[in-house]
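Biologist: Please take me through the strands of this model. I would like a close look at how they pair and where their side chains go.

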Amino acid sequence: MLNIPSPRNSQSRRGQHDLRGFTLVEISIVLLIIGILASIFALPLLGRAKLVNAQVTQARLSVIETALSLFIAQNRRLPCPANGALDATNSAIALAGVEAVDSVVTPLACTLTNQQGGVVPWKALGLALADVTDGWGNVMTYRVDDTMIRQDSMNLTLCSPGGVPVADVSLGGLHLRCNSACTASTFPGSCTSTSAVVAGRGIRVRDIAGNLLADPSVTPSTGVAYVVISHGENGVGAYLPSGGLLTAGTPPAGTEEAKNAANLSNMPAATYYLVDNPGNYADGTSHFDDLVLRKTQIAAATKALLGPRAY
């Protein structure tokens, strides 16, 4: 007598055979393919995220530039940096975001020998912490020529291109300032020339090849009044909102990029410089991903409607 298997038993054995067909090797191959596809689709997303972070940073640099112009217009000077090592996320620390001034020096001055740890003083500028934080979540570094935080130092409205140098005795000869006695009827003897006031002033800026982009030693000076730095994707040299300093990142900072770090001293002034360069994202000593905002004294004063007069 023939033993004919029932259809139900055949289907059951066939289902068991199908289940046994998916071996660990086959499952591994499927997972590998899924991983490859995921990585392919992730690459454009990563590139898009970098672009968005850079765009956010550029937008906030524009906000900071406008806020600095308003500060100059109202105070006729630049603000001192704030102390980036303070925990800005702790509301009990009232000095976070406030100008770190030297109360011993008269008139008002930053700590003249060292702006180490300086970040954008958002409270002095009427901004929020988020406004001075870049797209990667780090607080932006801020450096200023220490002669340009002194009273009336950014007011060039009393300067004239055809004037002569006039020292401001009230500042102890620390720098030249436009002569308040300058009028059309007393020109040129009582008027200070713009080139004389900016002579020798400003911060040096170089590119990663060592070329001078801003030089206070030329006439007229091209040194910059202030520099604001986002430390880019790797964040090396930036302060976190909590006050911690990022000393390492991926990829590591290039040799010249590392000189923008917020924790470095700005002295001695004779050799100190900051670095600006188009993005160079290759790994190695030439890597540079910082985003930099810089303005000369004349450009910053003019934007604040305190530029020199025409005559």
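**The strands up close**

Modeller: One open sheet has 3 strands in the order β5-β4-β7, with mixed pairing. β5 (212-214) and β7 (273-275) are the edge strands; each has a single partner strand, so one side of each has no neighbour in the sheet. Neighbouring strands here are turned by 40 degrees against each other on average, direction ignored. Those angles use axes fitted as lines to C-alpha atoms, for helices over the stretch in contact, and run from 0 to 180 degrees between N-to-C directions.

Some ground rules. This is a predicted model, where local features need pLDDT of at least 70 and side-chain atom pairs pLDDT 80 or more, while totals for chains, interfaces and linings use all residues. Numbering starts from 1 along each chain as its sequence is written, and side-chain values use heavy atoms, without hydrogens or water. Strands are DSSP runs of E, at least two residues, numbered from the N terminus. Two strands pair if DSSP finds at least two bridges between them.

Now β4 (residues 204-206). Its pairing with β5 is antiparallel, over 2 bridges. Val205 has Ala214 of β5 as its bridge partner. The charged end of Arg206 sits over the ring of Tyr273, 4.9 Å from the ring centre. That call needs CZ of Arg or NZ of Lys within 6 Å of the ring centre and within 35 degrees of the ring normal.

Next, β3 (residues 141-144). β3 pairs with β6 (residues 224-230) in the antiparallel sense over 4 bridges. Val144 is bridged to Tyr226 in β6. Thr141 and Arg143 point one way from β3, Tyr142 and Val144 the other way. All four are buried (under 20% relative accessible area, 1.4 Å probe, protein chains only).

Terms used: Buried < 20%, exposed > 50% of the residue type's maximum accessible area, 1.4 Å probe, protein only.
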